[in-house]
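Trainee: Could we go through this model together, one question at a time, with the reasoning spelled out before each answer?

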Amino acid sequence: MLNNQSVDTIIHARWVIPVIPHNTVYENHSVVISGHKILDILPKDAALVKYTAKEIFSLDEHHALLPGLINAHGHSAMSLFRGLADDLPLMEWLNNHIWPAEAKWVDEDFVADGTLLAITEMIRSGTTCYSDMYFFPNISAKVAAEHKMRTQICFPVIDFPTAWAQNSDEYIHKGVELFDQYRNSDYVNVAFGPHAPYTVSNDPLKQVATLADQLNAQIQIHLHETAFEVKESIEQYGVTPIKRLAELGLLSPSLQCVHMTQLSDDDITLIAESGAHVIHCPESNLKLASGFAPVDKLLNAGVNVALGTDGAASNNDLDLLGEMKTAALIGKAVAGDASAVSAHQALEMATINGAKSMGLEEKIGSLESGKLADIIAIDLGQIDCQPVYDPASHIVYATNSHQVTHSWIGGDIHMNNRQLVMIDTLHLNARVKQWAQKIKDADSQQASVTA
């Protein structure tokens, strides 16, 4: 009789939702992990015969396994600004609260603590890979790598000086150095992050397009976020922001377009033909009254649409499970069609579509043999979740982040039965409270000045 094959980990679950193949749910299956990758997905009985594991997780009765969620846009360190200035229009929120707070507080320590706070929240709510665009990206990358969290770090490029750089040339120079530093990292992928068409002039945008092409790097930019942005671009440049980017050579399969709430049919055609990706942030768009991305139209046109939370300062959480539900519901209302943006489409937006936008679809975004073992487990056993007819639909429409029980990144367990494994939350929480008091006192003084 042949011996069983020895592997590192076997996870047994009631349901496995692999995302690929599309619209598929396996029942009473097991995921087998060897090293950092998925070796096999097969019925539990067959797994018990074929494999012997160093560690076994038996989640059979009421758990679903699915790919770790991919948060395709955010500003992680801004978690320290969560709730700082709610219920204000975008420009008032930025000019009178966020930008003054950033000018006063953002430094390496702020970014380190804010990033770790964001990573903690994301792991607890099922995210295993996230995109970050913020100052001191070198610190964000270091924190993510130290905690074995998968990330796309979009280093900022803007025309004006900040605490991290003085001009666009310095932003780009520092960013390219960061790209070289993490070129072979297992966890950190560095991308270009020109902030928005209204904060970056033509020459730096052309330089970004050229360098990204040479380095085979991704580019992420806020685009068509508000009607005012589009109007201002037409007045200043004679074209919409997306057409300006096309003229400058940025519109390509490497480009991730964040928000995209103001789109004509011609814009959608242009995006589809270019192969660029759209990052949909529905809850942030709602909170700031920015508008509605026409997700159903984009998907029907063949555009890859991923999902992001944006920063906790404008959301106010990094819960991608909640974002999926919001995206599906808004997508139906905007399309006027109850079948638009289905549960399975929303799940794809939060997993494989996010991986595609980052150029990582061969590594993550679905549960398939040979891919990295980025996996989460969700408990669907509580009475208020019963009955369960379609677990994929249930996860989108009837599940919250507190039902995430386990998380693995590259086969390493990060949360075991709701307990974080790699993060000291006690000391982190103490530092966050210190930041909160300082930020609150300074914002109150700023508000009295601008009143």
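Trainee: Which residues line the second largest cavity, and how many of them are charged?

Mentor: In this predicted model, the second largest cavity has a volume of about 30 Å³. Its lining is made up of Pro67, Gly68, Ile70, Thr128, Cys129, Ile364, Gly365 and Asp374. Sorted by class, that lining holds four nonpolar and three polar residues, and the number of charged residues is one.

Trainee: How many cavities of 30 Å³ or more does a search of the whole structure find, and which element gives the most to the lining of the largest cavity?

Mentor: The search of the whole structure returns two cavities of 30 Å³ or more, and the largest cavity holds about 40 Å³ of space. Around the largest cavity stand His280, Pro282, Asn285, Leu286, Gly291, Phe292, Ala293 and Ile330, a lining that divides into five nonpolar, three polar and no charged residues. The element that gives the most to this lining, with three residues, is helix 10 (residues 282-287).

Trainee: Where does UniProt place the feature "binding site", and is Asp310 buried or exposed?

Mentor: The unreviewed UniProt entry places that feature at Glu102, His195, Glu225 and Asp310. Asp310 sits in the loop between strand 12 (305-307) and helix 12 (320-335), and, leaving out residues up to four places away in sequence, Asp310 touches His73, Gly74, His75, His259, Cys281, Ser284 and Leu318. Because its relative accessibility is 5%, and the cut-off for burial is under 20%, Asp310 counts as buried.

Trainee: What is the relative accessible area of His195, and which class does that give?

Mentor: His195, another position in the UniProt "binding site" feature, belongs to the loop between strand 8 (188-194) and helix 6 (202-215). Not counting residues up to four places away in sequence, His195 touches Met133, Val157, Ile158, Val200, Ile221 and His222. Its relative accessible area is 22%, and since that value falls between the 20% and 50% cut-offs, His195 is partly exposed.

Trainee: Why does the distance between the end C-alpha atoms of helix 6 agree with what is expected?

Mentor: Helix 6 has 14 residues, and at 1.5 Å a residue they should span 20 Å. The expected span is taken as 1.5 Å times one less than the number of residues. The agreement follows because the end C-alpha atoms are apart by that value, 20 Å.

Trainee: Which residues of helix 6 are buried, and what do they pack against?

Mentor: The buried residues of helix 6 are Pro204, Leu205, Val208, Ala209, Leu211 and Ala212. Their packing partners are strand 7 (150-157), helix 5 (168-181), strand 8, strand 9 (219-223) and helix 8 (241-248).

Trainee: Which residue follows helix 6, and is that residue buried or exposed?

Mentor: Helix 6 is followed by Asn216, which lies in the loop between helix 6 and strand 9. Most residues other than glycine have a negative phi, yet phi of Asn216 is positive, near 55°. With a relative accessible area of 65%, set against a cut-off of over 50%, Asn216 is exposed.

Trainee: What is phi of Lys148, and where in the chain is Lys148 found?

Mentor: Lys148 is partly exposed, at 32% relative accessibility, and is a residue other than glycine with a positive phi, near 55°. Its place is the loop between helix 4 (137-146) and strand 7.

Trainee: Which residues does a cis peptide bond join, and what is omega in each case?

Mentor: Most peptide bonds are trans. A cis peptide bond nevertheless joins Asn315 and Asn316, with omega about 20°, and Asn316 lies in the loop between strand 12 and helix 12. Pro21, in the loop between strand 1 and strand 2 (26-34), is joined to Ile20 by a cis peptide bond with omega of about 5°.

Trainee: Is Glu121 buried or exposed?

Mentor: Glu121 is placed in helix 3 (residues 108-124), and, leaving aside neighbours within four places in sequence, Glu121 is in contact with Arg82, Asp317, Leu318 and Asp319. Since its relative accessible area is 17%, and burial is set at under 20%, Glu121 is buried.

Terms used:
Residues numbered from 1 in each chain as written. Predicted model: local features only at pLDDT ≥ 70, side-chain atom pairs only at ≥ 80, totals over all residues. Heavy atoms only, no water. UniProt positions renumbered as here; feature names shortened; annotations may be inferred. Helix = DSSP H or I, 4+ residues; strand = E, 2+ residues; numbered from the N terminus. Buried < 20%, exposed > 50% of the residue type's maximum accessible area, 1.4 Å probe, protein only. Contact = heavy atoms within 4.5 Å. 1 Å grid on protein atoms, 1.4 Å probe; cavity = no way out; pocket = protein on both sides within 12 Å on 5 of 7 lines; lining within 4 Å. Points joined across faces, edges and corners; volume = space filled by probe spheres on them. Nonpolar A, V, L, I, M, F, W, Y, C, P; charged D, E, K, R; others polar.
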